[in-house]
Amino acid sequence: MITRRKAFRGVPVSSGIALGYARIIHADSLRVDEITITVSRVKAEVAALERAIANTVKELEALRNSAGRKIGSSVVKIFDAQLLIANDRDFIEHVRDQILLRKRNAGFVYNSLVRKTTLQLKNSPDQYMRQMVQDIEAVSHRVLSYLGGNQTQSTVPLPRDTIVVGQSFSPGEVMRYRQRKVSGFLVGKGGTTSHTALIARSLMVPVAAIGDSWTDIPDGSRVIVDGTKGTAIINPTDTDWADYQKLRKRQGPAAITRIKKLRKIPPRTTDGIEVRIAVNLEFPGPADEILSVQKIPVGLYRTEFLYLESDSFPDEEEQCEYYRRIAEKFVGSNVVLRTFDLGSDKMLSGLPIPPENNPALGCRGVRCMLEMPDIFKTQIRAILRASIHGNIQILLPMISDLSELKKARRLISLAMFELRKQALPFDEDIQVGVMIEVPSAALTADSLARSADFFSIGTNDLTQYTMSADRANTRVSRLYSPYQPAVLQLVNMAVRAARKHGVPVDVCGEVAGDPLALPLLVGMGVTGLSMNPSRILDVCRLVQKIDSQLVRHLVGPVLASNSVAAVKRKLQSFRNALEN
Ligand code: PEP
Ligand code: MG
């Protein structure tokens with residue numbers, strides 16, 4: 001049990017900061033007893049099962065409608081999938097038959113058949129099948145708790161400063177806890193693309209994952225969760241608490257509202273150099289209107305998130321309509337649409353991707369799309385057709401060498417050729433950029449820059465691949481830092497190559513929104529930074545305090561550092577000097 005201050009470095013799941021008191025939730029508190037029943041009891045058990053299913057369906061429908069109202073259609077599909085599972089008549093009939101055959105209580109039979117199914121799925125090499133396990137477990141948990149007599153899910157608001165702590169929570173649980181006003185979650189397991197993460201990010205509720213350590217947190221302890229960095233502090237000192245309260249004020253939803261106050265966009269350094277400040281988006285969301293009124297560009301639209309919940313691949317018309325709406329919303333600025341970054345942890349059902357032993361090093365991003373040229377071309381055609389409705393740029397993820405870039409560009413040219421032949425208009429001058437997020441791309445940035453219109457440096461993956469440290473694995477999070485000298489050297493290399501060829505270069509990984517990194521990145525010569533909307537205000541203000549010539553002198557000494565701690569120390573002392 002943790003009795004003193006303890007800081008955890010885990011992985012980020014959903015951005016934002018939450019301060020509060022732990023409410024420990026043990027999911028396995030649901031006990032399912034095995035009871036032998038008489039023939040005369042069978043009818044009552046079957047009726048109880050049907051009632052439990054009906055209640056679960058009712059509850060899921062309510063959650064689905066609430067998600068639709070509060071978040072939008074992109075996450076409604078999560079609950080649609082759970083409704084399909086809950087309503088699976090073949091499975092229910094099977095449970096019914098087994099109750100009759102085995103003469104056991106409904107809860108026991110239902111649970112054992114669910115476990116049999118999930119066991120098979122858990123061992124499936126198919127990531128999509130494995131992901132389905134979470135949905136099945138979420139549904140069965142509800143059914144079993146109704147069967148156990150727990151007829152109502154509590155809707156009583158919890159104290160606003162409650163941090164819910166547990167191994168993992170289903171999307172429905174996140175929605176319900178949010179309705180009960182909890183301020184954040186600390187979980188054992190979680191990645192940024194799980195269903196739970198998608199819901200949490202859409203609801204803007206902070207979540208960090210810290211591995212098994214959550215089991216050592218005593219109920220009621222004071223907790224700070226930093227979902228942006230993926231860290232947590234248990235039993236924080238009063239100084240921690242005060243610091244994070246300030247940070248929460250600067251990074252919470254209020255920070256997005258305060259974007260309205262910004263007068264100078266893009267901001268300029270004290271010596272008049274413009275730094276393009278943009279946002280990273282994944283779905284249409286509540287911040288869109290403020291961002292578009294303030295003409296803040298979208299530096300990275302992760303288009304794969306629009307479809308992660310689809311059960312079939314979206315066709316050209318559907319995609320075109322989606323991209324057109326985005327382009328029109330941000331018509332005053334520009335939108336960088338990144339082509340599907342699928343594969344590895346981001347799977348879409350219906351994608352013909354065979355299972356891989358090492359998916360992060362396998363067929364993901366542009367590699368995956370180049371293997372499926374028809375699907376890739378459909379997306380490119382849809383983006384091109386939408387490009388007449390605004391200012392769109394195309395960004396290619398996970399480019400590892402020049403040949404991939406050339407192949408992707410050939411496919412874009414082919415799509416353009418077809419559209420011309422069909423007399424369908426598009427922006428003939430559309431720009432095509434490259435994500436620099438694998439070490440090979442940074443190392444060969446000089447040759448990539450000759451064939452790219454812009455660079456966007458993805459430090460999230462660049463860190464993962466440079467350090468060989470899975471970005472979602474809490475056990476190696478010690479190594480996973482964009483402040484690693486090796487990562488910074490690669491960033492610098494890519495920026496220098498871009499500058500040499502006059503190619504604009506943005507950073508769009510999480511570090512772009514970190515004020516600590518800002519002077520260094522500007523000093524290296526990045527032309528833009530794309531970040532979570534909650535970071536815009538702070539970063540814009542800080543840009544206005546920086547002298548672009550002065551910060552160039554930071555680069556040499558920082559790159560010569562031999563540890564993350566040394567890098568951070570140098571950047572912190574610069575920042576202190578700037579603030580004083
Ligand atoms: C990155 O890798 O830094 C990035 C911005 O892309 P994503 O986080 O979507 O992988
Ligand atoms: Mg990436």
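In total, 36 salt bridges were counted in this predicted model, a salt bridge being a side-chain nitrogen of Lys or Arg within 4 Å of a carboxyl oxygen of Asp or Glu. Residues are numbered from 1 along each chain as its sequence is written, chains are lettered from A and ligands numbered from 1 in the order in which they are written, and side-chain values use heavy atoms, with hydrogens and water left out. Local features need pLDDT of at least 70 and side-chain atom pairs count only at pLDDT 80 or more, while totals for chains, interfaces and linings use all residues.

A good place to begin is the pair E59 and R176, whose closest N and O atoms are 2.3 Å apart in a salt bridge. E59 lies in helix 1 and R176 in helix 6 (residues 171–179), so this contact ties together parts that are 117 residues apart in sequence. Helices (H or I, at least four residues) and strands (E, at least two) are DSSP runs, numbered from the N terminus. Both partners are covered: E59 is buried at 13% relative accessibility, and R176 is buried at 10%. Here buried means under 20% relative accessible area, exposed over 50%, and partly exposed in between, with a 1.4 Å probe and protein chains only; the areas come from the Shrake-Rupley method, and for residues only the protein chains shown count as cover.

Another salt bridge joins the side chains of E316 and R381, at 2.7 Å from N to O. This pair links distant parts of the chain, with E316 in helix 12 (residues 316–329) and R381 in helix 14 (residues 373–386), 65 residues apart. E316 is buried, at 15% relative accessibility, and R381 is buried as well, at 9%.

The pair R450 and D446 offers a local example, its side chains meeting in a salt bridge of 3.1 Å, N to O. The two residues are four apart in helix 17 (residues 445–451), and so are separated by about one helical turn. An α-helix has 3.6 residues a turn, so residues three or four places apart point the same way. R450 is exposed, at 58% relative accessibility, whereas D446 is partly exposed, at 27%.

Salt bridges also form a network, which links E304, R338, D341, R364, D461 and R471. D461 appears again at the magnesium ion (ligand 2), where the protein donors are E437 (OE) and D461 (OD), 2.0 to 2.1 Å from the metal. E437 lies in the loop between strand 13 (431–436) and helix 16 (439–443) and D461 in helix 18 (residues 459–467), so the two donors tie together parts that are 24 residues apart in sequence. E437 is buried, with a relative accessible area of 2%, and D461 is buried at 3%. Donors are N, O and S atoms within 2.8 Å of the metal (3.2 Å for Na, K and Ca); water is not among the atoms, so sites may look incomplete.

Helix 7 (residues 195–203) is mostly covered, with eight of its nine residues buried. Among them are H195, L198, I199 and L203. The helix is followed by M204, which has a positive phi, near 55°.
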